[in-house]
Amino acid sequence: GSASGTQDLTYDTGLGGGTRYNLDLNAGESTTYTFYRSTSVGDAGSYTADVSTDDDTGSDNFNVFLKNYDLSVGHSGTGSGSTSPSPGTYTYERGRTIDVTASADSGSEFAGFSGDCSGTSCSVTMNSDKLVSAQFDNLAPANFQITDVRAYSITEGNNLDVYVDVNNQGDQQGTQNVGFTSGVGSDSQSVTLNSGESTTVS
């Protein structure tokens, strides 16, 4: 206009609004005013900022994006294995649910998760920074222990029977030859046992 004036500047963002009172401008004068509006978790979306004076209106569109959080994945323990996602730090939008899985290598076992997960399954919701560690432990090799031997007296000319109780006290399956030698002969058998398994060889 050709004269100075005073008006109020009103705004509305969809997230709240307000008024800047008694703005003075001379004829032909321009200025920039900045309005501040804080956002909260849950405000993500598309909005329009509407601004008006007594003489005019204006608007512009803007977005509020979801906040991002970091998921850190690691390994621990004396063994080895793999995870999905693999060890590292990953960034996800707020609210995402991420499944972390683990698989032990041969000779190791998966002992469980720690950090923001526990037990042997892991699903985390990204509402804050998260840390997940998968523990892998070494498995002890097969260890065949003889727990009992029974040889019974016989009359000459008869067959000798020897009974051997064997237990695998290792953590892994194994195959070994179990044999005996006596003054009247010898014999052996190949035996396969799982961890903790027992059998009798004769």
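**Stop 1: the largest pocket**

Start with β1, which supplies five residues to the lining of the largest pocket, the largest share of any element. Keep in mind that this is a predicted model. Select β1 as residues 5-12, then add β2, residues 17-25. These are the elements that each give two or more residues to the lining.

Now show the pocket itself. Its volume is about 410 Å³. The lining counts 19 residues. To centre the view, pick Gly 5, Gln 7, Leu 23, Leu 25 and Asp 55, the lining residues closest to the pocket centre. Colour the lining by residue class next. Ten residues are polar, six are nonpolar and three are charged.

**Stop 2: a four-stranded sheet**

Hide the pocket and display β7, β5, β11 and β9. In that order they form an open sheet of four strands. The pairing is mixed.

Which strands sit at the edges? Select 88-93 for β7 and 108-115 for β9. Each of these edge strands pairs on one side only. Look along the sheet to see the twist: neighbouring strands are turned by 20° against each other on average, with direction ignored.

Zoom in on β5, residues 68-76, alongside β7. The two strands run antiparallel, and six bridges join them. For one contact to inspect, select Asp 70; its bridge partner in β7 is Thr 91.

**Stop 3: the salt bridges**

How many salt bridges does the structure hold? There are two. Select Asp 148, Arg 150 and Asp 165 and show their side chains. Salt bridges link these three residues in a network.

Take Asp 148 and Arg 150 first. Their closest N and O atoms lie 2.8 Å apart. Then turn to Asp 165 and Arg 150. Here the N to O distance is 2.7 Å. This second pair links distant parts of the chain, 15 residues apart. Asp 165 belongs to strand β13, residues 162-168, and Arg 150 to strand β12, residues 144-151.

Finish by switching on the surface. Is Asp 165 buried or exposed? Asp 165 counts as buried, because its relative accessibility is 17% and the cut-off for buried is under 20%. Arg 150 has a relative accessible area of 24%, so this residue is partly exposed. Asp 148 is also partly exposed, at 31% relative accessibility.

Conventions. Residues are numbered from 1 along each chain as its sequence is written. This is a predicted model: local features need pLDDT of at least 70, side-chain atom pairs count only at pLDDT 80 or more; totals for chains, interfaces and linings use all residues. Side-chain values use heavy atoms; hydrogens and water are left out. Two strands pair if DSSP finds at least two bridges between them. Axes are lines fitted to C-alpha atoms, for helices over the stretch in contact, and angles run from 0 to 180 degrees between N-to-C directions. On a 1 Å grid over the protein atoms alone, a cavity is a set of points where a 1.4 Å probe fits but cannot get out, and a pocket is an open set with protein on both sides within 12 Å along at least five of seven lines; lining residues have an atom within 4 Å of a point. Grid points are joined across faces, edges and corners, and a volume is the space filled by probe spheres set on the points. Ala, Val, Leu, Ile, Met, Phe, Trp, Tyr, Cys and Pro count as nonpolar, Asp, Glu, Lys and Arg as charged, and the others, Gly among them, as polar. A salt bridge is a side-chain nitrogen of Lys or Arg within 4 Å of a carboxyl oxygen of Asp or Glu. Buried means under 20% relative accessible area, exposed over 50%, partly exposed in between (1.4 Å probe, protein chains only).
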